[in-house]
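Here are a few exercises to work through with the model open in your viewer. Try each task before you read its solution.

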2 protein chains.
Amino acid sequence: MIAIGALSRRTGVNIETIRYYERIRLIPPPGRTDSGRRLYGAEDVRRLTFIRHARDLGFDTAAIKAMLALQEVPEASCEEVSRIAADQLAAVESRIRRLAGLRTELTRMINECDNGEVATCRIIEVLAEAPGQTVDH
Amino acid sequence: MIAIGALSRRTGVNIETIRYYERIRLIPPPGRTDSGRRLYGAEDVRRLTFIRHARDLGFDTAAIKAMLALQEVPEASCEEVSRIAADQLAAVESRIRRLAGLRTELTRMINECDNGEVATCRIIEVLAEAPGQTVDH
DNA sequence: GTACATCCTGTAGCCACTACAGGAGCAACC
DNA sequence: GGTTGCTCCTGTAGTGGCTACAGGATGTAC
């Protein structure tokens, strides 16, 4: 059984964030020592590691809760977890496309800026122009 | 001179967001009608369009404020604006790299999931594993 | 015993909005 | 002139996902 600081170091999740996750019921309330300090076990490490990875992958806590709920009921179909992941994949791909466009524009703006005066700087000009095509969010 | 609703439609910025920008002094307080309604002109359209584009590009309001301040002083060098954009470009490229990794992992997880039971679903297994290499944020 | 690290609860702050509530003004039609 | 319905106003509170205190208790090492 380990304390919250060790759990934090082991999972890479901030102590305050662990307590926050407990507050929003993303992780169950752990056992306590006689003096009231939180005690975690291997299952808590596993669960928090899962949550951390899912957050890294861009899942929001609602999606994580859904997946954890499915984990609790192993006889359930994998299809729903797969569907959640597929939704997330689509969102990730959309973000990548959008960022690639931004990268192109930023690169062009920086290249076009010849370090002259702001009055002739293309960065501000380009950004003040009306949108050619609206990028969906 | 146009009302806030027309400004919102013309720039694609939410009415509530326009008032929020005024509150945080990202845009100057506009003129008013006798009855107290906000009135905007061409310069406001330009400024808000600039802000909207900059937000779309992922600039935070602090960076936008910095650029707008430089715009007010056209004799200033373009270098600082360029530097802000370069910083932003680096952040965008980092995000793209990270998301590409996530996409790979999500794709693999979905492919490996054979729609069996959750107990054998790789999505949860993969996410519960310890990180091979920490991805920087 | 004393220094220092770690932990506790509770609350408030962060960013960039977004969503009300509760009211006033305005434009069009009958 | 009345009524309908849209737009606008201020002010406040909520959102997500944390993060940062304050002010104290507990634990550990020397």
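**Exercise 1.** Work out how the surface near DNA strand C divides by residue class in this predicted model.

*Solution.* Start with the charged residues: there are nine. Next come six polar residues, and five nonpolar ones complete the surface. Now look for the residues that come nearest to the strand: they are Gly5(A), Arg19(A), Arg38(A), Arg55(B) and Thr61(B). On the DNA side, sugar and phosphate make up 71% of the strand C atoms that come within 4 Å of the protein.

**Exercise 2.** Find which parts of DNA strand C pair up with side chains of Arg19(A), Thr61(B) and Glu16(B).

*Solution.* Take the phosphates to begin with. Arg19(A) puts a polar side-chain atom 2.5 Å from a phosphate oxygen, and a side-chain N or O atom of Thr61(B) sits 2.6 Å from a phosphate oxygen. Then check the bases: a side-chain N or O atom of Glu16(B) is 2.8 Å from a base nitrogen. As for elements, helix 2 of chain B gives the most to this surface, with five residues.

**Exercise 3.** Describe the largest pocket: its volume, its lining and the helix that gives the most to that lining.

*Solution.* First, the volume: about 380 Å³. Second, the residues: 20 line the pocket, and Arg95(A), Leu99(A), Ala91(B), Arg95(B) and Leu99(B) are the closest to its centre. Third, the classes: eight charged, seven nonpolar and five polar. Last, the elements: helix 3 and helix 5 of both chain A and chain B each give two or more residues, with helix 5 of chain B giving the most, at six.

Definitions and conventions. Residues are numbered from 1 along each chain as its sequence is written. Chains are lettered from A and ligands numbered from 1 in the order in which they are written. This is a predicted model: local features need pLDDT of at least 70, side-chain atom pairs count only at pLDDT 80 or more; totals for chains, interfaces and linings use all residues. Side-chain values use heavy atoms; hydrogens and water are left out. A residue is near a molecule or strand if one of its heavy atoms lies within 4 Å of it. A polar contact is a pair of N or O atoms within 3.5 Å; within protein, one must be able to donate a hydrogen and the other to accept it, and residues adjacent in sequence count only if both atoms are side-chain atoms. Helices (H or I, at least four residues) and strands (E, at least two) are DSSP runs, numbered from the N terminus. Ala, Val, Leu, Ile, Met, Phe, Trp, Tyr, Cys and Pro count as nonpolar, Asp, Glu, Lys and Arg as charged, and the others, Gly among them, as polar. On a 1 Å grid over the protein atoms alone, a cavity is a set of points where a 1.4 Å probe fits but cannot get out, and a pocket is an open set with protein on both sides within 12 Å along at least five of seven lines; lining residues have an atom within 4 Å of a point. Grid points are joined across faces, edges and corners, and a volume is the space filled by probe spheres set on the points.
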